[in-house]
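Please walk through this protein with me, beginning with its cysteines and then turning to one of its sheets.

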Amino acid sequence: MKTTRRLVALVLSVLMLLSVCSFASAAEGETITLRFWAHWGSEQRRPTIEKICNAFNEKYAEQGVQVEYVYVPYGDIETKMLASVTAGNPPAVVITAIEDVASKAMRNQAQNITEYLAPDTQSKFYEKYWDMVTWNGGVYAIPFNTDTRLLYYNKDMFKTAGVSVDEIVDWASFQQACVKLDEALNGTGNYIASFYPTLGNFGFDTIAMANGSEGIYDNALNPSQVNIACDANVEALEFMKWFADRYGQDTLNQLDSANAGGSQDLFLSGRVAIYGQTCNYLATIAKYNDEAKVDYGCFALPAGPSANGVTGAWGGGFVCTVPFGTEHPAEATLLAEFLATEGAAIWGAEQLDVMCAIEANENPVMSQYVGWDEVKDLMNYTKATRRHIYGGSADSYKNDAVNKIMKTFESDDCRAVLEEAAQKITNAIEEEAFIFGE
């Protein structure tokens with residue numbers, strides 16, 4: 001036992017010495033440049049992430065550690081990260097989805113950075129989000145931001161239609177409000193439809209969680225059994241189908257073709273009266289509403305019939321992942337911590353995101369925005385989800401099922417499409433578990 005302890009102590013000492021030496025070599029004139037990949041390239045978000053990188057470079061210039069920001073499109077970033085790990089030349093830090101940290105850890109795609117963390121790092125984050133970046137006792141990423149999803153509404157349109165938000169107390173009254181909006185506004189201005197559940201960034205997950213669902217599995221944070229075809233999820237998809245039946249393919253095509261960016265998106269251009277979006281859509285409104293001039297408000301989707309009167313929403317988010325095999329893991333961890341703490345304070349203030357670092361959300365300026373109080377309240381009922389370690393394709397099967405009802409109109413049987421998705425997810429999990437020997 002004593003020999004083992006001495007060996008462990010020796011190994012830890014060597015690791016600490018290597019870490020110190022890596023910083024020392026940089027201080028002696030060698031600049032370590034850390035490649036940082038993220039998908040933020042829009043005119044709204046890129047200036048903020050570049051400001052954060054500049055702040056890091058200024059702070060660590062004397063230590064010879066610098067960051068180079070590399071924009072990678074959202075649809076490519078996961079594939080490119082995995083390819084870089086396989087090739088043995090990964091970047092230092094990559095912004096990836098918060099829900100699949102455990103899956104990346106299990107597959108040796110994310111680096112265990114526990115030994116490189118500052119002693120007080122964990123205390124800076126909300127416990128539930130710190131739990132999302134741990135697996136088998138190790139830390140594999142630093143939580144950056146999260147979100148929730150709520151409904152934005154056009155106050156002038158509501159007034160014209162004689163609709164009050166206070167009267168929207170359940171799914172039936174929400175649908176009644178949509179009928180009133182259509183009756184009053186069809187044929188006026190740019191108006192196309194009251195609301196469509198798959199537009200914006202809302203969709204099945206939030207509607208299901210507003211109905212008491214845990215999502216695809218039996219438990220959102222500790223997924224075990226596939227449960228996508230449960231009654232709460234079937235009810236959620238049937239609620240969505242009501243809008244598909246009401247508007248049909250032609251109206252959906254019209255909405256899709258009319259959707260643009262900035263002040264010409266569906267909501268700010270007046271094409272829809274209600275728009276489901278993430279909380280950081282508040283920043284989009286702040287940027288473009290001088291031109292659009294929309295008098296807006298926010299509210300949460302009411303609880304569904306199976307939710308026992310308590311609504312909910314789905315919260316995604318991103319983490320700062322250090323890919324497995326990165327050249328400078330100690331410095332990469334330093335960057336990840338900076339991004340998720342000091343950087344998070346900048347990002348939260350400019351992008352109106354809910355951050356995973358506690359102090360980053362304690363900014364009184366954010367409370368001045370219409371809708372921020374509703375965001376903070378809904379965060380108490382927002383569920384994060386962790387992907388099953390063998391269920392990487394689960395979301396695609398779920399999306400295919402929803403699209404058959406809401407986009408391609410291939411089916412009108414909500415339970416059947418969810419049961420089909422359940423079987424495909426179950427098969428995928430069993431196949432992956434077999435490959436990994438479990």
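A disulfide is counted where two cysteine sulfur atoms lie within 2.5 Å of each other. With that cut-off in mind, and remembering that the model is predicted, one can ask how many disulfides a search of the whole structure finds. The search finds 0. For Cys298 the reason is distance, because the closest cysteine sulfur, that of Cys279, is 10 Å from its own, too far for a bond. Seen from the other side, the sulfur of Cys279 has its closest cysteine sulfur in Cys298, again at 10 Å and therefore too far for a bond. As for their surroundings, Cys279 is buried, with a relative accessible area of 0%, and Cys298 also counts as buried, at 8% relative accessibility.

The sheet comes next. Strands of a sheet pair through backbone hydrogen bonds, in either a parallel or an antiparallel manner. Here 3 strands form an open sheet in the order β8-β7-β9, and the pairing is antiparallel. The edges are taken by β8, which covers 274-278, and by β9, which covers 296-299, each of them pairing on one side only. From one strand to the next, the twist averages 35°.

Within this sheet, strand β7, made of residues 149-154, pairs with β9 in the antiparallel sense over 4 bridges, and Leu151 has Phe299 in β9 as its bridge partner. Helix α10, formed by residues 281-292, packs on the sheet and touches β7, β8 and β9, while the direction of α10 makes about 175° with that of β9.

Notes: Residues numbered from 1 in each chain as written. Predicted model: local features only at pLDDT ≥ 70, side-chain atom pairs only at ≥ 80, totals over all residues. Heavy atoms only, no water. Buried < 20%, exposed > 50% of the residue type's maximum accessible area, 1.4 Å probe, protein only. Pairing = 2+ DSSP bridges. Helix = DSSP H or I, 4+ residues; strand = E, 2+ residues; numbered from the N terminus. Axes fitted to C-alpha atoms, helices over the stretch in contact; angles between N-to-C directions. Contact = heavy atoms within 4.5 Å.
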